[in-house]
Amino acid sequence: MTTEKTYRGRCFCGTIEFTASGDPAVQGYCHCESCRHWSASPVNAFTLWPRESVAIIKGANSIGTYLKTDRSHRKWCKDCGGHVFTDHPGMGLIDVYAAIIPNYPFRPTVHVQYGEGVLHVRDGLPKFKDFPKEFDGSGVTVPE
Ligand SMILES: [Zn+2]
Ligand SMILES: [Zn+2]
């Protein structure tokens, strides 16, 4: 028996459906150029889950993958073009974009790559120039 919570996500057209179960390892906002360019938005709201917590339940054949670098396997729907998540095999984590799992109670705790950001957010959360030390970053924080 499991008491794990399960959150359902889908692409823009609904061809792809997946679940994320349990709790994410970390959640927040990424301001890096790659996230902004890929998401076509000024900031990416991320939730990073252990890979085994994410399961495709429908439309696996419609998932496209793009690797600009081997660190990030970006996934989208071949039917609608909607983005679904990014697999980070090196970290063992999958970034499910917060906007794709609307019933997940997103509680961001951190801003990363704020040093290259374009949108200033005055929410009082820590703003890392790059990444916290536990994610191989400098651990340096910058003002809002
Ligand atoms: Zn779709
Ligand atoms: Zn990013």
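A residue counts as buried when its relative accessible area is under 20%, as exposed when the value is over 50%, and as partly exposed in between. The exercises below concern a predicted model.

**Exercise 1. Classify Ala40 as buried or exposed, and state where it lies.**

Step 1. Ala40 is found in the loop between helix 1 and strand 4.

Step 2. Its relative accessible area is 70%, so Ala40 is exposed.

Step 3. The backbone of Ala40 deserves a remark: phi is positive, about 55°, although the residue is not a glycine.

**Exercise 2. Carry out the corresponding analysis for Asp136.**

Step 1. Asp136 belongs to the segment after strand 10.

Step 2. The relative accessibility of Asp136 is 78%, and therefore this residue counts as exposed.

Step 3. Asp136 has a phi near 65°, which is a positive value in a residue other than glycine.

**Exercise 3. Determine which residues coordinate the zinc ion (ligand 2), and describe their spacing and burial.**

Step 1. The zinc ion (ligand 2) is coordinated through the SG atoms of Cys30, Cys32 and Cys35, at 2.1 to 2.3 Å.

Step 2. Along the chain, these donors follow the spacing C-x1-C-x2-C.

Step 3. The cut-off for a buried residue is under 20%. Cys30 has a relative accessible area of 6% and is therefore buried. Cys32, with a relative accessible area of 10%, is buried as well.

**Exercise 4. Describe the sheet that contains strands 1, 2 and 5, and identify its edges.**

Step 1. The sheet is open and is formed by 3 strands in the order 1-2-5, with antiparallel pairing.

Step 2. Strand 1 (6-10) and strand 5 (54-58) each have a single partner strand and stand at the edges, so one side of each is left without a neighbour in the sheet.

Step 3. From one strand to the next, the twist averages 30°.

Step 4. The pairing of strand 2 (residues 17-21) with strand 5 is antiparallel and extends over 4 bridges. Within this part of the sheet, Thr19 stands opposite Ala55 in strand 5.

**Exercise 5. Trace the pairing of strand 8 with strand 7 and with strand 9, and assess how far strand 8 is enclosed.**

Step 1. Strand 7 and strand 8 run antiparallel and are joined by 4 bridges. Arg74 stands opposite Thr86 in strand 8.

Step 2. These two strands form a hairpin with 5 residues between them, and Gly81 in the turn has a positive phi of about 80°.

Step 3. Strand 8 also pairs with strand 9, in the antiparallel sense and over 4 bridges. Here Thr86 stands opposite Asp95 in strand 9.

Step 4. Strand 8 and strand 9 form a hairpin too, with 4 residues between them; Gly92 in the turn has a positive phi of about 70°.

Step 5. Of the 6 residues of strand 8, 5 are buried, so the strand is largely enclosed by the rest of the structure.

**Exercise 6. Compare the accessibility of Cys80 and Gly82 in the loop between strand 7 and strand 8.**

Step 1. The loop between strand 7 and strand 8 holds Cys80. Gly82 has its place in the loop between strand 7 and strand 8 as well.

Step 2. Cys80 has a relative accessible area of 27% and is therefore partly exposed. Gly82, at 13% relative accessibility, counts as buried.

Step 3. Two separations place these residues in space. The C-alpha atoms of Cys80 and Gly90 are separated by 28 Å, and the two residues are 10 residues apart along the chain. Gly82 and Ile63 are 19 residues apart in sequence, with a C-alpha to C-alpha separation of 9.9 Å.

**Exercise 7. Characterise the largest pocket by its volume, its central residues and its lining.**

Step 1. The volume of the largest pocket is about 730 Å³.

Step 2. The lining consists of 27 residues, of which Arg71, Ser72, His88, Met91 and Phe131 are the closest to the centre.

Step 3. Among the elements that give two or more residues to the lining are helix 1 (33-39), strand 7 (72-77), strand 8 (83-88) and strand 9 (93-97). The largest share, 3 residues, comes from strand 4.

Step 4. By residue class, the lining divides into 14 nonpolar, 8 polar and 5 charged residues.

Methods
Residues are numbered from 1 along each chain as its sequence is written. Chains are lettered from A and ligands numbered from 1 in the order in which they are written. This is a predicted model: local features need pLDDT of at least 70, side-chain atom pairs count only at pLDDT 80 or more; totals for chains, interfaces and linings use all residues. Side-chain values use heavy atoms; hydrogens and water are left out. On a 1 Å grid over the protein atoms alone, a cavity is a set of points where a 1.4 Å probe fits but cannot get out, and a pocket is an open set with protein on both sides within 12 Å along at least five of seven lines; lining residues have an atom within 4 Å of a point. Grid points are joined across faces, edges and corners, and a volume is the space filled by probe spheres set on the points. Ala, Val, Leu, Ile, Met, Phe, Trp, Tyr, Cys and Pro count as nonpolar, Asp, Glu, Lys and Arg as charged, and the others, Gly among them, as polar. Two strands pair if DSSP finds at least two bridges between them. Axes are lines fitted to C-alpha atoms, for helices over the stretch in contact, and angles run from 0 to 180 degrees between N-to-C directions. Donors are N, O and S atoms within 2.8 Å of the metal (3.2 Å for Na, K and Ca); water is not among the atoms, so sites may look incomplete. Buried means under 20% relative accessible area, exposed over 50%, partly exposed in between (1.4 Å probe, protein chains only).
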